[in-house]
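Please read the following as a guided walk through one protein model, taken one region at a time. The sequence and the coordinates come first, and the explanation follows them.

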Amino acid sequence: MSDATSEPLIIQDLRRYLSDGSDDDKKQALPVSAIKSLLCVIQRTESETMMGIQMELKQASEQMLTFAKDPLNSNMLEGRSHIALASGCELFMKYITRCFLELPDFTECIEQVISRGQRFSNISIAARDRISTVGRAFIRPGATVLTHGWSSVVSKLLIHAAQDTHFEIIILEGRPDASGAKAAAIYSKAGIPTTVVLDSAMAYVMERVDMVIVGAEGVVENGGIINKIGTYTMGITAKELGKPFYVAAESFKFARLYPLNQSDLPTIGEHMNEHLNFVDTACWIATGGAVGKNEKNDENDGVKTKMPGLVLLPENVNVANPLCDYTPAQYITLLFTDLGVLTPSAVSDELIRLYQ
């Protein structure tokens, strides 16, 4: 990773906003971090025309997207895709254009943009509060909720709902980053009965759940979503077994994309293909740090026994490790958003309103 001081100012700004908030629930959403970074460009600009500012903002947006696509920065983004960042940049550029049309005076326009833009510091948390309010009503007492991966929006909704409704959570382990297992610890700490199951046990547990609730990296024009790998499989399974499939996502994640299948997705995570380890979980002591060790001592008789640990593949075996997949609208029941409860078909109308 390059020295932060040698990076463009826009990237330094993005790093700072992505690092804000030690509490996962208070961390800035990726689109909000992008928008606040673009506001810094406006505050520093020496341009005296709207065209000059638009060129600076376009260049800054491209720099952030390049940064987000670089595999060396995947840890900073915490596995999030660049789709949400692109949506934030595009939405802000549209807002700038609209503001200039409403306020032709350059100085007045810039002052208005900065004034309104400073309110974005709380937009992510406010959106999550709104979503948790509209979504919690769908969780009935005694229900079993199946979820997948880590989502700040979903966690806010479930923890909020648990304040006055008793229900159970089943969550998939969330390979390859164990995001589901990490989320399970947070739900358990909040007092919600939580069970972690293998990703491959999705269909096995689906028959005992009452609903599915997932987050989204992006909500596309046709009402489908892009989210953590496995969400598509979950949608198909839920529909086959007649379980409602709900998506919780902020409206600033609405993206002007129209994928028809998985191959239409932007390239995400290909750099991870060579870094996916396979583990013989039957011999893996999850809390003992024994993975990768060739042998261990039996505490009872002192005899050394082999422990397979990591499964080493031949070099001629390829590894595919996609991070996200696309779930078509036909598998989605409703979307819980800060704009209210939407059907998938309503997303295109909301995109028109956002960008008109």
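A convenient place to begin is Glu350, which lies in helix H12, spanning residues 347–355. The model is a predicted one, and in it Glu350 is buried, with a relative accessible area of 16%, a value that falls under the 20% limit for a buried residue. Leaving aside residues up to four places away in sequence, Glu350 touches Phe254, Leu339 and Leu342.

From this single residue one can step back to the protein as a whole, which has 12 helices and 14 strands. Of its 356 residues, 46% are buried. If one takes the contacts between residues at least 6 apart in sequence, 75% of them join residues at least 24 apart.

The strands can now be taken sheet by sheet, starting with an open sheet that seven strands form in the order E3-E2-E1-E4-E7-E13-E14, with mixed pairing. Its edge strands are E3 (194–197) and E14 (340–342), each of which pairs on one side only. From one strand to the next, the twist averages 25 degrees. Within this sheet, strand E7 is joined to strand E13 (residues 334–337) by three bridges, and the two run parallel; Val247 stands opposite Leu335 in E13. Helix H8 packs on the sheet, where it touches E1, E2, strand E4 (211–214), E7 and E13, and the direction of H8 makes about 130 degrees with that of E4. Helix H9, residues 179–189, also packs on the sheet, touching E1, E2 and E3, and its direction makes about 160 degrees with that of E2.

Strand E2 deserves a closer look, as both of these helices touch it. Five bridges join strand E1 (residues 144–148) to E2, and these two strands run parallel, with Leu146 standing opposite Ile170 in E2. Strand E2, residues 168–172, is mostly covered, since four of its five residues are buried. What, then, can be said of how far helix H8 is enclosed? Eight of the 10 residues of H8 (residues 152–161) are buried, and therefore the helix is largely enclosed by the rest of the structure. The buried residues in question are Ser152, Val153, Val154, Ser155, Leu157, Leu158, His160 and Ala161.

A loop from the same part of the chain comes next: Phe252 is found between strand E7 (245–248) and strand E8 (278–279). With a relative accessibility of 7%, Phe252 counts as buried. Although Phe252 and Thr337 are 85 residues apart in sequence, their C-alpha atoms are 9.7 Å apart in space.

Another open sheet consists of three strands in the order E5-E6-E12, and here the pairing is antiparallel. Strand E5 (218–219) and strand E12 (324–327) are its edge strands, each pairing on one side only. Strand E6, residues 225–228, is joined to E12 by four bridges, the two running antiparallel, and the bridge partner of Lys228 in E12 is Cys324.

The helices offer a packing of their own, in which the axes of helix H2 (residues 30–44) and helix H6 (residues 106–117) come within 10 Å and cross at roughly 145 degrees. The crossing in which H2 passes H6 is left-handed. On the H2 side the contact involves Leu39, Ile42 and Gln43, which meet Ile110, Val113, Ile114 and Gly117 in H6. These contact residues divide into five nonpolar, two polar and no charged.

The cysteines remain to be considered. Cys40 is buried, with a relative accessible area of 7%, while Cys109, at 0% relative accessibility, also counts as buried. Why does Cys109 form no bond with the closest cysteine sulfur? That sulfur belongs to Cys99 and is 3.7 Å from the sulfur of Cys109, which is too far for a bond, because a disulfide requires a pair of cysteine sulfur atoms within 2.5 Å. A search of the whole structure likewise finds zero disulfides.

Note on methods. Residues are numbered from 1 along each chain as its sequence is written. This is a predicted model: local features need pLDDT of at least 70, side-chain atom pairs count only at pLDDT 80 or more; totals for chains, interfaces and linings use all residues. Side-chain values use heavy atoms; hydrogens and water are left out. Buried means under 20% relative accessible area, exposed over 50%, partly exposed in between (1.4 Å probe, protein chains only). Two strands pair if DSSP finds at least two bridges between them. Axes are lines fitted to C-alpha atoms, for helices over the stretch in contact, and angles run from 0 to 180 degrees between N-to-C directions. A crossing is left-handed if the near helix is turned anticlockwise from the far one by less than a right angle, and right-handed if clockwise. Contact means heavy atoms within 4.5 Å. Ala, Val, Leu, Ile, Met, Phe, Trp, Tyr, Cys and Pro count as nonpolar, Asp, Glu, Lys and Arg as charged, and the others, Gly among them, as polar.
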